[in-house]
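Biologist: I am new to this structure and would like a close look at a single part. Please take me through the aromatic rings, and show how they pair.

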Amino acid sequence: MIRAIIFDLDGVITETAEYHYQAWKQLAGEIGIAIDRQFNECLKGVSRMDSLELILQHGGVAEQYSDEEKAALAERKNRQYVALLQNLTPNQVLPGIRDFLRDARADGMKLGLASASKNARTIMDALDLTQSIDFIADAAVARSKPAPDIFLLAAEGLGLSPENCIGIEDAAAGIKAIHAAGMKAVGIGDAATLREADLLLNDTEKLNYNAVKNYFC
């Protein structure tokens, strides 16, 4: 029996990937590493420190930085990202999401958020959606996606077993994390990238609560 739906944030609730890309690109450029949008795809759904590690490996300089220096670089990127988030408004909730949240809540469904972002609550506040979510699981876990930790934390925070939850993701690492947690997965986006999803939808406009509930129940 499905009793909760757990959402990824970026690419599902709103789209802040461009802000992440701009902030990472600026940081990478400052330390002599060039990244492009294609490379940025591998950073989606990945924690800040793991993303930094991928960038340093991409530049062949991962061994040149101490843990303290890496932490300082990650914090520098985050300051730039947070500055860019000041542009975020409630109008940037993706199509269909407000209706989905409203209908799910009216039906008694519990709602959770599973995001790799340490800024998840700030983003949800800017979108005026914090009150629509029962529990926010952010980056305070040992392992980032595709490990299941963040979705398991969300289920625990909602007081439910993973098998009673559905996860919604737009990244392949997120789909793997949902399945590893023992949940069913809804994928939002490209079929080639999200082929492991149990239910695949092109975009959030197709994300209808009753249709999703009926599909899994």
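Modeller: Start with two rings in the interior. Phe7 is buried, and Phe100 is buried as well. This is a predicted model. Together, Phe7 and Phe100 form an aromatic pair. Their centres lie 5.6 Å from each other, with 90° between the planes. That geometry is edge-to-face.

Now look at where the two rings sit. Phe7 belongs to strand 1 (residues 4-7). Phe100 belongs to helix 5 (residues 97-106). The two residues are 93 residues apart, and the pair links distant parts of the chain.

A further ring joins them. Tyr209 is linked with Phe7 and Phe100 into a cluster by ring pairs.

How many aromatic pairs does the structure hold? There are 3. One of the ring pairs is formed by Tyr215 and Phe216. The ring centres of Tyr215 and Phe216 are 5.0 Å apart. Their planes stand at 75°, over the 60 degrees that edge-to-face requires, so this pair is edge-to-face.

Are Tyr215 and Phe216 buried or exposed? Tyr215 has a relative accessible area of 48%, so Tyr215 is partly exposed. Exposed would need over 50%. Phe216 has 18% relative accessibility and therefore counts as buried. The cut-off for buried is under 20%.

To recap, Phe7 and Phe100 are both buried, and they share a cluster with Tyr209. The pair of Tyr215 and Phe216 joins a partly exposed ring residue to a buried one.

Methods: Residues numbered from 1 in each chain as written. Predicted model: local features only at pLDDT ≥ 70, side-chain atom pairs only at ≥ 80, totals over all residues. Heavy atoms only, no water. Phe/Tyr/Trp six-rings, centres within 6.5 Å; stacked < 30°, edge-to-face > 60°. Helix = DSSP H or I, 4+ residues; strand = E, 2+ residues; numbered from the N terminus. Buried < 20%, exposed > 50% of the residue type's maximum accessible area, 1.4 Å probe, protein only.
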